[in-house]
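Biologist: Could you walk me through the cysteine bridges here? I would like to learn how to read them.

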Amino acid sequence: MNKLQVIGNLVLLLWCIEETSAYPLGAPTTVCDSMIPASSHGSTQPDSTSPYAITSSAIPNGYIPGQTYTVTISKNSESDTDFKGFLCQVRQVGQLQPIGTFAPRDAVKAQPLDCSREAGAVTHQNRDTVSMQVFDWTASGVGAETEVEVVCTVVQTLKTLWVKLRSATFKELESNGTVATEAPVIVQQVPIDFSGCGTSKTCYQSPSGCSSTSSCNYGLAVTYNENNKSVTILLVSNSGGYVALGFSIDDEMGHDDVIACQRNSFNDQVFAKDCWNPRGREPNVIDTDQSSIISSSGQYVDGGIACIIKRQLSPTDSTQDYNLTNSYRALFATSPQRGGRTDALVQHRAIPAISSEAIDFRIAQIIEIEGKPLIKAHGILMVIAWISLASVGILLARYYKVVWPEGGWFNVRSLINSDWF
């Protein structure tokens, strides 16, 4: 290989390293406020040179909270260059907090991003070039006479980008078309009801009899709905992060269908997610098909989580959603770890409780927990070793050197120490 080839390969390698240090799969949440890509990108171009327009169907008339409008990134002319990456939010003028939620129309190119709230922004998810992107934006209220704007960072190439391009401003309206007087407040209330446990519901409560997000380490109440072939699952925990119920074919983690409620990373919203535990201690992955969840509601209150999930009894996705006409061991796990709707469930800190037998959730019952005899035996033996054997070893070293001057005391002490270690 000659020198020119070596230099060429080095240049190519450096280019690849620089390219991969950007964000080809979408902007991370760490740039939600600044909206500035990785340092490997070039310097920001002046707004006046931007070949792209940021518009919304809410301009110029304004928007009504709860209604959905379009947000568009487009080229100013056909001759302008296509773009690769983007990050868009709707913000109050002069503020960083995103308003409303995004849903991409092009699911191949775009994906929602949890910035301060679930789906508070939208970004790319590959490096394909496009000439236009259209998103659905569902508005939320901010108050009377408050001006808002669409803010987008658009990346044309690795070295050419425009940061925080802005649309024209627009305002919030009342449903009758007048300027809003105050922002609406939406509160989800989740009734925590453990009545009927063992007669009409399948339940597990730890500690026994707990009935609130502050008193329950873990609370479960499952109601079988025979008419529409579904189950309604109440999950309660003081964990503050997530609470999960696993359906397992055995008494160990791995190949488990998991239903969970998790508190958002950026606010106190609680949402449901359908997950799959592929291999034991690995993080649970998000099920690609969330259709098993018919409906859900969640609440963060008193430092804990309460949520209600209505789940299909016999989901259409049989690969990662178990059919609950069959019986499964129940796994109960909690964690203080918060996350986004599309984030995997990280490993819980404590060993999960496991039902002592397979459960048919169509039959109301009180779930009994499997004991852990090996863990208990280990604890008992450790206590005995530390209290008795360790103490004897110390006494031998202190008082028996004279009794066994030829070193017998040392041999006995070494044997005892090896036993309790």
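Biologist: Let's start with one pair: how far apart are the sulfur atoms of Cys197 and Cys203?

Modeller: Happy to help, with a word on conventions before the answer. This is a predicted model, where local features need pLDDT of at least 70, side-chain atom pairs count only at pLDDT 80 or more, and totals for chains, interfaces and linings use all residues. Residues are numbered from 1 along each chain as its sequence is written, and side-chain values use heavy atoms, leaving out hydrogens and water. Now the general idea: a disulfide is a covalent bond between the sulfur atoms of two cysteines. The criterion used here is a pair of cysteine sulfur atoms within 2.5 Å. Cys197 and Cys203 form such a bond, with their sulfur atoms 2.0 Å apart.

Biologist: What is the handedness of the link between Cys197 and Cys203?

Modeller: The torsion about its S-S bond is about -80 degrees, so this disulfide is left-handed. For Cys88 and Cys152, the torsion is about 115 degrees, so that disulfide is right-handed. Cys88 lies in strand S3 (residues 85-92) and Cys152 in strand S8 (residues 147-157), so the pair links distant parts of the chain, 64 residues apart. Strands are DSSP runs of E with at least two residues, helices are runs of H or I with at least four, and both are numbered from the N terminus.

Biologist: How many disulfides are there in the whole structure?

Modeller: A search finds five. Counting bonded cysteines along the chain, their pattern is 1-3, 2-4, 5-6, 7-8, 9-10. One of the disulfides joins Cys32 and Cys115, with the sulfur atoms 1.9 Å apart. This pair also links distant parts of the chain, 83 residues apart: Cys32 is in the loop between helix H1 (3-20) and strand S1 (52-56), and Cys115 is in the loop between strand S5 (110-113) and S6. The link of Cys32 and Cys115 is left-handed, at -75 degrees about the S-S bond.

Biologist: Are Cys32 and Cys115 buried or exposed?

Modeller: By relative accessible area, buried means under 20%, exposed over 50%, and partly exposed in between, using a 1.4 Å probe and protein chains only. Cys32 and Cys115 are both buried, and so are both Cys88 and Cys152. Cys203 counts as buried at 1% relative accessibility, and Cys275 is buried at 0%.

Biologist: And where is His124?

Modeller: His124 sits in strand S6 (residues 121-124). This histidine is buried, with a relative accessible area of 8%.
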